[in-house]
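Trainee: Could you take me closely through one part of this model, namely the buried interior and the residues that meet there?

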Amino acid sequence: MCSVSTGINYYVIAENEFEYLMKINNTVVDYYNPIAIQSQQIAEKYLKHLLDVYCTDTDNTDLLKSHKLHRIYDKISAKFTDLKLDKNDLRMLSEYYFDTRYPGVDFTFVTKEEAEKCIEIVIDVRDKVNSMIKILERK
């Protein structure tokens with residue numbers, strides 16, 4: 001899924017969306033679902049970047065189509081044991097992919113506190129992915 005010819009990959013898009021999230025974070029009032037949705041999407045792209053670029057020894061097509069962050073992380077962490085993320089945090093973000101976007105029995109409105117937690121998680125994912133990339137690029 002890496003578009004080498006254009007220089008666009010999951011990481012470039014994640015960084016762009018992360019910067020946007022950081023800019024809008026303090027301007028949102030009373031409706032926090034977009035923050036949760038965006039946080040999930042950003043974390044997904046950071047993880048998919050590792051999967052797409054550094055886990056090329058197996059076919060990852062199904063995981064690259066998945067939105068379950070803990071499943072993507074399981075594959076990555078099996079190869080790179082130094083990457084330590086909280087699977088419960090990843091599961092929480094994964095739930096927001098559908099539960100905050102579409103009507104149904106599981107629809108939920110995100111609270112300010114939950115939105116703040118989402119931002120903490122995506123910052124943690126970003127920091128740890130960046131650290132992992134530095135390690136991998138030195139090899």
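Mentor: Contact here means heavy atoms within 4.5 Å, and the model we are reading is a predicted one. With that in hand, begin at Tyr-46, which, leaving aside residues up to four places away in sequence, touches Tyr-11, Ala-14, Glu-15, Phe-18, Val-125, Arg-126 and Val-129. Tyr-46 is also among the residues that touch the most other members of the largest nonpolar core, a set of 40 residues, together with Leu-47, Leu-50, Ile-76 and Val-125. The elements giving two or more residues to this core are α1 (10-24), α2, α3, α4, α5 and α6, and α6 gives the most, with 10 residues. In soluble globular proteins, nonpolar side chains tend to be buried together.

A charged neighbour of Tyr-46 deserves a look as well: Arg-126 lies in helix α6, residues 112-138, and because its relative accessibility is 17%, under the 20% limit, Arg-126 counts as buried. Its contacts, again not counting residues up to four places away in sequence, are Glu-15, Phe-18, Glu-19 and Tyr-46.

Ile-76, named above as a member of the core, leads on to helix α4, residues 69-79, where Leu-69, His-70, Ile-72, Tyr-73, Ile-76 and Ser-77 are buried. Seen down the axis of α4, these buried residues fall within an arc of 150°, so they line one face of the helix. What covers them includes α2 (33-54), α3 (61-64) and α5 (87-99).

How values were computed. Residues are numbered from 1 along each chain as its sequence is written. This is a predicted model: local features need pLDDT of at least 70, side-chain atom pairs count only at pLDDT 80 or more; totals for chains, interfaces and linings use all residues. Side-chain values use heavy atoms; hydrogens and water are left out. Buried means under 20% relative accessible area, exposed over 50%, partly exposed in between (1.4 Å probe, protein chains only). Helices (H or I, at least four residues) and strands (E, at least two) are DSSP runs, numbered from the N terminus. The arc is that of the directions from the helix axis to the C-beta atoms. A nonpolar core is a set of buried Ala, Val, Leu, Ile, Met, Phe, Trp, Tyr and Cys residues joined through side-chain atoms within 4.5 Å.
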